[in-house]
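Welcome! Have a look at the sequence and the 3D view below, and then let us walk through some of the details together.

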Amino acid sequence: MAAGNWKMNGTSPALSEIDALFEHLSADGPEVLICPPATLLALMTERAAGSELKCGGQDCHVAASGAHTGDISANMLVDAGAEYVILGHSERRSDHAETDAMVRAKTETAWVAGLRSIVCVGETEAERDAANTLGIIGGQIAGSIPDGATGENLVVAYEPVWAIGTGRTPTLDQIGEVHDFIRARLEKRFGEGVGRSVRLLYGGSVKPDNASEIFSVSNVDGALVGGASLKAQDFSAIIAALR
Ligand code: PGA
């Protein structure tokens with residue numbers, strides 16, 4: 001799976017980028033998703049209609065509706081054509097003080113609305129330097145994922161905070177270690193069948209020139225891509241590396 005996270009980038013003219021993606025998509029190819037800013041979501045799903053491109057949100061509120069000025073509910077994302085929602089991205093965790101408990105509650109809300117959740121976890125550089133990476137990831141996995149996860153409703157993205165938008169990536173061994181660990185934790189908690197079927201994405205400075213080697217790592221089922229998803233040429237190359 002290749003999932004693009006446009007973050008707070010793009011106004012209507014940026015939508016034309018997705019036109020160049022369509023020719024790289026097919027029903028038997030990798031699943032491809034873009035999560036644009038909320039203002040572009042309905043326009044993007046309209047433009048992608050009839051193609052294999054899926055669209056998603058970047059966050060949702062924990063409540064189904066109500067007095068929450070500026071927030072967006074899971075049902076609103078569905079109404080705009082979203083099939084997925086990214087939850088617990090490290091930028092949400094740091095910019096909006098989102099805790100594991102909040103991410104877990106949002107994930108439940110998203111499931112009730114019929115969305116699939118991409119739950120993000122990842123250590124900071126200080127946590128890695130302190131040899132605490134697996135402790136942090138284990139805690140985030142336990143705290144952010146609700147009971148009832150399946151291979152259908154859950155995708156987990158491992159995104160080391162220090163690799164996001166920096167051009168730095170962990171070694172392939174480091175990626176493999178964390179992905180194997182996440183897989184084992186999911187199998188232990190949800191059973192082998194479910195644990196194996198949840199897709200695990202790596203995210204953090206994935207580019208056309210490193211995508212193939214990252215996809216060759218065990219238990220890496222795809223990527224969550226920020227900067228390189230904004231340009232169709234780069235994102236297409238990453239999609240091609242998944243084939
Ligand atoms: P990046 O972002 O690819 O620009 O590093 C990844 C992400 O934050 O999802």
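Helices and strands here are DSSP runs, at least four residues long for a helix and at least two for a strand, and they are numbered from the N terminus. With that in mind, Asn219 can be placed in the loop between H9 and strand S8 (222-225). Please remember as you read that this is a predicted model. The points below cover two loop residues, three helix pairs and two pockets.

**Two loop residues to look up**

- Phi of Asn219 is near 65 degrees, a positive value in a residue that is not glycine.
- Lys7 is another residue other than glycine with a positive phi, here about 55 degrees.
- You will find Lys7 in the loop between strand S1 (2-5) and strand S2 (32-35).

**Helices H9 and H10**

- Helix H9 covers residues 208-215 and helix H10 covers residues 232-242; their axes come within 9 Å and cross at roughly 20 degrees.
- Angles under 35 degrees count as roughly parallel, and therefore H9 and H10 are roughly parallel to each other.
- The crossing of these two helices, H9 and H10, is right-handed.
- On the H9 side, the residues that meet H10 are Pro208, Ala211, Ser212 and Phe215. Their partners in H10 are Asp234, Ala237, Ile238, Ala241 and Leu242.
- Sorted by class, this contact of H9 with H10 has seven nonpolar residues, one polar residue and one charged residue.

**Helices H4 and H6**

- Helix H4 (residues 100-113) packs with helix H6 (residues 133-144) at an angle of about 40 degrees, and their axes are 7 Å apart.
- What does that angle make H4 relative to H6? It makes H4 oblique to H6.
- H4 brings Asp100, Ala101, Val103, Arg104 and Thr107 to the contact, while H6 brings Gly139, Gln140, Ala142, Gly143 and Ser144.
- The residues of the contact of H4 with H6 divide into five polar, three nonpolar and two charged.

**Helices H6 and H7**

- H6 also pairs with helix H7 (residues 172-190): the two axes come within 10 Å and cross at roughly 35 degrees.
- H6 and H7 cross in a right-handed way.
- From H6, the contact uses Thr133, Leu134, Ile137, Gly138, Ile141 and Ala142. From H7, the contact uses Glu177, Val178, Phe181, Ile182, Arg185, Leu186 and Arg189.
- By class, the contact of H6 with H7 has eight nonpolar, two polar and three charged residues.
- Ala142 is worth finding in the 3D view: this residue of H6 is listed in the contact with H4 and also in the contact with H7.

**The largest pocket**

- How much space lies in the largest pocket? The volume is about 530 Å³.
- The lining of this pocket has 22 residues, and those nearest its centre are Lys7, Gln58, Asp59, Arg92 and His96. You have already met Lys7 as a loop residue with a positive phi.
- Helix H1 (38-48) and helix H3 (90-95) are the elements that give two or more residues to the lining of the largest pocket. H3 gives the most, with three residues.
- The lining of the largest pocket is made up of eight nonpolar, eight polar and six charged residues.

**The second largest pocket**

- The second largest pocket has a volume of about 170 Å³.
- It is lined by 13 residues, and the closest to its centre are Ser90, Arg93, Gly122, Gln140 and Val161. Gln140 also belongs to the H6 side of the contact with H4.
- Which elements each supply at least two residues of the lining of the second largest pocket? They are H3 and strand S5 (116-121).
- H3 has the largest share of this lining, with three residues.
- Six polar, four charged and three nonpolar residues form the lining of the second largest pocket.

Technical notes. Residues numbered from 1 in each chain as written. Predicted model: local features only at pLDDT ≥ 70, side-chain atom pairs only at ≥ 80, totals over all residues. Heavy atoms only, no water. Axes fitted to C-alpha atoms, helices over the stretch in contact; angles between N-to-C directions. Parallel < 35°, antiparallel > 145°, perpendicular 65-115°, else oblique. Left-handed = near helix turned anticlockwise from the far one by under 90°. Contact = heavy atoms within 4.5 Å. Nonpolar A, V, L, I, M, F, W, Y, C, P; charged D, E, K, R; others polar. 1 Å grid on protein atoms, 1.4 Å probe; cavity = no way out; pocket = protein on both sides within 12 Å on 5 of 7 lines; lining within 4 Å. Points joined across faces, edges and corners; volume = space filled by probe spheres on them.
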